[in-house]
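Let's take a walk through this one together, starting with a pair of helices and working outwards. Have the viewer open as you read.

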Amino acid sequence: MPELLYREALRRALDEEMARDPHVFLLGETIAERGGSFKVTEGLLARYGPERVIDTPIAEASFTGMAVGAALIGLRPVVELLFIDFALLAMDQIVNQAAKIEFISGGRRRLPLVIRTQGGVGEGLAAQHSQSLEALFYHVPGLKVVMPATPADAYGLLKSAIRDDHPVVFIEHKRLYAVSGPVPEEETLLPLGCADWKRRGGDVTLVSWSYMVHRCLAAAERLAERGIEAEVLDLRSLVPLDRKALLASARKTGRVLIVHEAVRRGGVGGDLAATIMEEAWGELAAPVRRLAGRNTPIPYSRNLEEACIPSVDEIAAAAAEIAAAGR
Amino acid sequence: MVTPAPDDETVLPPRELLLTMYRHMFATRRFEEVCLDFYRQGLIRGYLHSYIGEEAVAAGACAALRPDDYIASTHRGHGHCIAKGADLRFMMAEILGRETGYCRGRGGSMHIASADLNHLGANGIVGGGIPLATGAALGIRVRGGDQVVISFFSDGASNNGVFAESLNLAGVFRLPVIYLLENNFYAVSTPIECATGCCELAGRGPAYGVPGICVDGNDAIDVWRETCRAVARARRGEGPTLIEARTFRWGGHHANDPGHYIDPGRLAAWKERDPLAILRRRIDEPGAVAAVESGVEAELAAAIDFALNSPEPDLASFLAAIEP
């Protein structure tokens with residue numbers, strides 16, 4: 001299988017979907033001439049022209065709302081919010097409009113909209129450009145939330161998100177754009193709501209998504225050296241949630257560590273932990289644990305920034321404790 | 001229904017179009033009166049924002065549209081909906097929370113929408129519909145065609161950030177959208193003089209490269225004429241127009257607001273300029289007007305009957321559609 005960078009995989013998905021369906025178009029800040037701050041849309045202006053690859057003014061609320069309006073009349077817009085932090089400027093249009101329109105219509109309208117954005121730490125961008133805010137969208141009925149960790153997943157899930165008839169918040173990670181991985185040569189669509197076992201093991205389950213999947217895999221390598229076989233379950237999409245896979249893995253190992261970069265307080269991990277304990281309590285060998293970002297705004301300095309999110313060491317240590325604990 | 005706007009200001013719309021506008025205005029007036037009555041009887045829940053006094057804006061503006069053009073509406077949206085051709089039965093059923101309503105009882109008064117009518121939806125968020133309308137205009141541009149969009153909103157919404165953003169976006173992209181600012185001089189209870197340092201709202205358009213014009217919002221013909229011009233500009237690819245239509249709300253913000261803050265003398269003066277009476281005088285055919293009115297009364301009676309006899313939404317199917 002050929003290797004692609006995460007950003008190249010995303011670009012390939014956009015390119016293929018734009019070539020396939022003239023209703024698909026892109027809008028966002030600095031995506032056309034410059035090809036996007038993270039170079040995902042590079043070259044697409046030349047292929048599809050300024051009518052379908054549109055540079056907008058810096059007006060997140062209105063250009064996000066415009067994507068909603070275009071979707072309402074049958075287009076398939078992919079709007080890019082440069083940082084997930086900027087989505088907060090467009091929350092009325094995302095939460096009060098996009099997430100509600102289909103419901104309010106009694107199910108008579110469809111809103112085929114993708115909001116592409118990216119979050120996470122890693123570039124020293126500090127408190128307003130480094131947040132992990134998936135819990136905000138996870139909380140709102142009417143939105144799907146997709147968070148790919150690998151180039152292949154980014155490719156296959158973005159294609160499915162564009163073909164989905166409902167609003168999808170597609171959250172990339174700034175640390176992943178330059179990560180390389182195999183992507184199938186033939187066209188592939190990955191369904192939303194299917195978790196993926198990135199590693200199989202019988203002793204402990206590490207549940208994660210986005211960038212933290214890679215740290216979980218690194219931690220699993222270390223655990224294996226100590227004779228502990230960790231299973232790494234990448235949820236890939238939080239809404240829809242693959243409850244079946246989550247519970248199957250929890251029941252299999254009886255020991256679950258949930259790892260996410262977003263702050264622990266009010267994080268998605270708490271909801272997943274509750275779900276596992278409600279549904280699989282009798283089959284758990286140890287309490288479900290969470291390892292998540294610290295409850296703080298993200299600082300600038302490298303040493304401080306890195307201390308805010310779970311490290312490979314912390315993941316391995318927590319997983320080893322869980323593997324040893326229990327009944 | 002579309003007539004090019006005459007340059008001669010004395011030329012009236014064709015008789016048939018005048019009667020259509022009057023039918024929409026009279027239907028809105030009577031529909032709102034019935035709704036207010038139902039609200040007082042406890043048959044309608046939530047908020048009910050009456051359009052009484054402002055009917056000429058929706059009727060005049062929508063008379064300049066083709067059926068395949070779009071509108072985006074507001075919380076005070078019954079008049080827009082009727083002027084876009086809505087069926088009173090489905091409107092009344094929605095407002096009474098019935099399964100047969102436009103939104104199957106999920107939306108209510110503030111959220112009526114219809115894909116069949118190219119009505120993008122009323123909106124519970126002041127200003128929320130402005131980007132949606134602007135985006136529909138962008139969508140028209142992307143897929144090709146000469147449809148246009150009217151974005152209805154209020155003086156209150158014109159102080160919200162999305163107004164500025166959207167006018168700027170439509171101006172730079174020359175989108176086929178008409179911003180129809182219904183200036184009724186109050187944002188809930190706050191008079192416009194207390195909400196902005198510049199009360200000449202049409203003047204905000206040119207700041208974004210968007211022509212701005214002020215019309216008499218109680219004269220349906222004046223609204224129609226300027227909207228026709230704006231629509232023609234938009235269809236030619238010459239971009240958006242901001243139309244400020246000055247009008248007045250005959251009551252409080254909603255059915256539960258007595259509107260004590262409205263100066264009685266000012267209200268009386270506006271009522272002297274009842275938009276329905278103004279248009280009746282322009283039509284000047286009492287027989288034809290009476291025929292329109294009796295037709296509307298029959299339609300409204302049938303709508304009430306239909307809505308009251310419609311079932312409530314089915315709870316089991318509602319619950320079954322919710323993901324765990």
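Which residues in α4(B) meet which residues in α11(B)? On the α4(B) side they are L88(B), R89(B), M92(B) and A93(B). Across from them, α11(B) brings E299(B), L300(B), A302(B), A303(B), I304(B), F306(B) and A307(B). Sorted by class, that contact has nine nonpolar residues, two charged ones and no polar ones. Bear in mind as you look around that this is a predicted model.

Now for how those two helices sit against each other. Helix α4 of chain B covers residues 88-95, and helix α11 of chain B covers residues 286-308. Their axes lie 8 Å apart and make an angle of about 45 degrees, which means that α4(B) is oblique to α11(B). If you look at the handedness, the crossing of α4(B) and α11(B) is right-handed.

Stay with α11(B), since α1(B) packs on it too. Helix α1 of chain B takes in residues 15-40, and its axis is 9 Å from that of α11(B), at an angle of about 40 degrees. Because of that angle, α1(B) counts as oblique to α11(B). Here, too, the crossing is right-handed, with α1(B) passing α11(B). The residues that α1(B) puts into this contact are L19(B), Y22(B), R23(B), F26(B), A27(B), R30(B), F31(B) and V34(B). They meet A288(B), V289(B), V292(B), E293(B), V296(B), E297(B), L300(B) and I304(B) of α11(B). By class that gives twelve nonpolar and four charged residues, and again no polar ones. Two names should ring a bell: L300(B) and I304(B) of α11(B) meet α1(B) here, and L300(B) and I304(B) also meet α4(B).

Next, follow α1(B) over to α10(B). What angle do α1(B) and α10(B) make, and how far apart are their axes? The angle is about 155 degrees and the axes are 10 Å apart, so α1(B) runs roughly antiparallel to α10(B). This time α1(B) goes past in a left-handed crossing. From α1(B), the contact uses L18(B), L19(B), M21(B), Y22(B), M25(B), F26(B) and R29(B), while α10(B) contributes P275(B), L276(B), L279(B), R282(B) and I283(B). Ten of the residues in this contact are nonpolar and two are charged, with no polar ones among them. L19(B), Y22(B) and F26(B) of α1(B) take part here, and L19(B), Y22(B) and F26(B) also meet α11(B).

One residue in that list deserves a stop of its own. L279(B) belongs to helix α10, residues 275-283 of chain B. Is L279(B) buried or exposed? L279(B) counts as buried because it has 24 C-beta neighbours inside 10 Å, where the cut-off for buried is 20 or more. Leaving out residues up to four places away in sequence, L279(B) touches M21(B), Y22(B), M25(B), A56(B) and A220(B). M21(B), Y22(B) and M25(B) are residues of α1(B). A220(B) is 59 residues away from L279(B) along the chain, yet their C-alpha atoms are separated by 6.8 Å.

Zoom out to all of chain B. The chain has twelve helices and seven strands. Its radius of gyration is 19 Å, close to the 20 Å that the globule rule gives for 324 residues, so chain B is as compact as a globular protein of that length. The C-alpha trace spans about 55 × 50 × 40 Å along the principal axes, and 55% of the 324 residues count as buried. Among contacts between residues at least 6 apart in sequence, 75% join residues at least 24 apart.

Chain A comes to eleven helices and 14 strands. With a radius of gyration of 20 Å, close to the 20 Å that the globule rule gives for 327 residues, chain A is likewise as compact as a globular protein of that length. Its C-alpha atoms fill a box of roughly 60 × 45 × 40 Å along the principal axes, and 55% of its 327 residues count as buried.

Finally, bring the two chains together. How many residues does the contact take from chain B and from chain A? It takes 31 residues from chain B and 31 residues from chain A. On the side of chain B that touches chain A, α5 (129-143) and α6 (161-173) each supply at least two residues. The largest share of that side, eleven residues, comes from α5(B). By class, the residues of this side of chain B divide into 15 nonpolar, ten polar and six charged.

How values were computed
Residues are numbered from 1 along each chain as its sequence is written. Chains are lettered from A and ligands numbered from 1 in the order in which they are written. This is a predicted model: local features need pLDDT of at least 70, side-chain atom pairs count only at pLDDT 80 or more; totals for chains, interfaces and linings use all residues. Two residues are in contact if their C-beta atoms, placed from the backbone, lie within 7 Å. Helices (H or I, at least four residues) and strands (E, at least two) are DSSP runs, numbered from the N terminus. Ala, Val, Leu, Ile, Met, Phe, Trp, Tyr, Cys and Pro count as nonpolar, Asp, Glu, Lys and Arg as charged, and the others, Gly among them, as polar. Axes are lines fitted to C-alpha atoms, for helices over the stretch in contact, and angles run from 0 to 180 degrees between N-to-C directions. Angles under 35 degrees count as roughly parallel, over 145 as roughly antiparallel, 65 to 115 as roughly perpendicular and the rest as oblique. A crossing is left-handed if the near helix is turned anticlockwise from the far one by less than a right angle, and right-handed if clockwise. The radius of gyration is taken over C-alpha atoms; the globule rule is 2.2 Å times the number of residues to the power 0.38. A residue is buried if 20 or more other C-beta atoms lie within 10 Å of its own, exposed if 12 or fewer, and partly exposed in between; C-beta atoms are placed from the backbone.
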